[in-house]
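Biologist: I should like to learn how to read the features of a structure. May we begin with the ligand and its surroundings?

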Amino acid sequence: MSFKKDFVWGVATASYQIEGAWDKDGKGLNIWDVFCHEPGHITENHNGDIACDHYNRYKEDVQLMKELGIKAYRFSISWSRIFPNGTGQINEKGVKFYSDLIDELLANGIEPYITLFHWDYPYQLHKKGGWLNDDSVEWFSNYAAKVVELFSDRAVNYITFNEPQCFIGLAYFNGAHAPGLKVGYKDIFQMCHNVLKAHGAAVKAMRANAKQKIKIGFSPAVEANYPATETFKDIEATRRAIFNCAPLGWGIMWSIAWWCDPIVLGCYPKDGLEMYKEYLPEITSEDMELISQPIDFFGMNVYNGKEIAAGDSDNPEFVKRKPGSPKTAIQWSVTPKCLQWGPRFMAERYKLPIIITENGMSAHDTVSIDGKVHDPNRIDFLNRYLLELEKAVDAGVDVLGYFLWSFMDNFEWAYGYTERFGIVYVDYDTQVRIPKDSAYWYKEWIESHNG
Ligand code: NOJ
């Protein structure tokens with residue numbers, strides 16, 4: 001069967017990671033600006049003040065995407081660039097930046113996919129309690145409505161939230177990400193519930209304000225476990241390992257069903273409701289109706305998964321990896337099968353078309369003596385992962401697109417610039433971009449798969 005001819009082959013980035021211009025043209029502060037400006041939070045105290053200077057170089061970047069045969073570009077909007085205070089007064093210069101970017105993409109035959117929120121929360125709203133404040137639902141849906149009102153005459157694909165597991169878990173549970181807090185379970189679950197409500201309210205508001213038919217999805221992080229063998233027992237054990245909620249502790253944030261069942265199935269998973277009951281906010285049937293507004297696709301950010309086998313009493317057991325098994329520079333396991341089984345399990349449970357909204361790897365990329373950037377490990381990674389994705393398609397999963405993370409090296413959150421995920425190398429002193437070997441490989445892959 002293989003990929004459809006109109007399969008969307010794209011690349012992805014996010015505002016804080018590439019834009020820079022942190023205080024230009026009326027942009028308001030966000031929590032990452034504040035967090036990075038305090039020493040001790042980020043490796044080598046890096047920050048996103050300049051990043052890839054994409055704010056000033058977007059035309060050059062779009063040109064490079066075109067040269068590389070990229071069909072679609074997933075980027076995020078910096079909320080406080082449009083609403084400096086998160087609500088209220090709009091910043092026309094910020095609006096113009098995104099409007100110009102969209103025009104530039106379309107003029108070059110590249111389809112925009114807009115993420116509304118990729119972690120850079122307006123600082124003024126954070127001071128009012130952020131996701132803990134029940135008003136955050138309305139703050140976000142008003143922002144979403146405005147974005148769609150402004151851009152949906154030209155841009156039709158939207159993603160509400162990127163990896164809520166991270167912008168709640170890493171930010172408020174272990175404090176590694178902005179705003180660097182550690183709050184208790186009660187507050188965590190309140191935030192989760194408000195984020196889910198904000199998603200639903202945004203979907204409603206976006207549909208009401210759209211200038212034409214738009215497509216909406218969301219992008220959770222999916223730790224896509226895969227079975228050790230294709231026996232019924234191992235597959236069933238893997239299904240349980242993926243969708244069972246984790247007991248109280250760090251794992252709760254990564255319970256995929258806790259985030260996705262409410263959105264797609266309209267209810268929280270029963271095991272989680274039981275395990276977390278002491279700490280949950282009031283959850284009404286109106287809330288669940290709001291959260292589960294129909295969406296058009298299920299976005300998945302997939303980097304790896306664990307191999308699972310059925311153990312004693314057929315319970316899921318993690319299969320230990322062999323010593324020396326492949327890892328990326330950031331020390332994440334290389335597990336190509338996650339890109340076959342992740343989409344299979346998600347499509348089976350949620351019955352929505354799938355878009356891989358992120359996949360890729362960090363590597364120790366350097367400019368070689370010949371002036372080029374050779375990244376054979378990334379080419380091998382992409383090749384293996386995409387062949388597995390093709391198997392999901394062959395198994396009948398409706399996969400609409402794939403977005404490689406990332407178009408270019410960028411600010412990798414708490415790791416600063418020490419991790420390079422791009423297929424385009426960025427020299428942060430000169431802002432020179434050098435397409436890596438993998439960029440040319442991806443170009444050929446797209447050419448040979450787009451007919
Ligand atoms: C997850 C996030 O969405 C993105 O911002 C990050 O850079 C990549 N994956 C790699 O960690």
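Modeller: Certainly. A residue is near a molecule if one of its heavy atoms lies within 4 Å of that molecule. Please keep in mind that this is a predicted model.

Biologist: Which residues come nearest to the ligand here?

Modeller: There are 13 residues around the ligand, and those that come nearest are Gln17, His118, Asn162, Glu358 and Glu412. By class, the shell consists of 6 nonpolar, 4 polar and 3 charged residues.

Biologist: How does one read a polar contact with the ligand?

Modeller: One looks for a pair of N or O atoms within 3.5 Å. In this model, an N or O atom in the side chain of Gln17 is 2.7 Å from an oxygen atom of the ligand. For His118, a polar side-chain atom lies 2.8 Å from a ligand oxygen atom. Tyr303 faces a nitrogen atom of the ligand instead, with a polar side-chain atom at 3.2 Å.

Biologist: How much of the ligand's exposed area does the protein bury?

Modeller: The ligand exposes 300 Å² when taken alone, and the protein buries 96% of that area. The space that the ligand takes is the largest pocket.

Biologist: Let us turn to the strands. In what order do β6, β8 and β9 form their sheet?

Modeller: Two strands count as paired if there are at least two bridges between them. Here 3 strands form an open sheet with mixed pairing, in the order β6-β8-β9. The strands β6 (226-227) and β9 (316-318) are the edges, as each pairs on one side only. Strand β6 is joined by 2 bridges to β8 (residues 307-310), and these two strands run parallel. Within the sheet, Pro227 stands opposite Ile308 in β8.

Biologist: Where are the cis peptide bonds, and how do I read them?

Modeller: One reads the angle omega of the bond. The bond that joins Ala178 and Pro179 is cis, with omega about 5°. Pro179 belongs to the loop between α8 (164-173) and α9 (185-209). Another cis bond leads from Trp405 to Ser406, with omega near 10°. Ser406 is in the loop between β11 (399-405) and β12 (424-426).

Biologist: Which backbone angle deserves attention at Ala21?

Modeller: The angle is phi: Ala21 has a positive value of about 50°, although this residue is not a glycine. Ala21 is placed in the loop between α1 (15-18) and α2 (31-36).

Key: Residues numbered from 1 in each chain as written. Predicted model: local features only at pLDDT ≥ 70, side-chain atom pairs only at ≥ 80, totals over all residues. Heavy atoms only, no water. Polar contact = N/O pair within 3.5 Å; in protein donor to acceptor, adjacent residues only side chain to side chain. Areas by Shrake-Rupley, 256 points an atom, 1.4 Å probe, with all protein chains shown as cover. 1 Å grid on protein atoms, 1.4 Å probe; cavity = no way out; pocket = protein on both sides within 12 Å on 5 of 7 lines; lining within 4 Å. Sits in = over half its atoms within 2 Å of the grid points. Nonpolar A, V, L, I, M, F, W, Y, C, P; charged D, E, K, R; others polar. Helix = DSSP H or I, 4+ residues; strand = E, 2+ residues; numbered from the N terminus.
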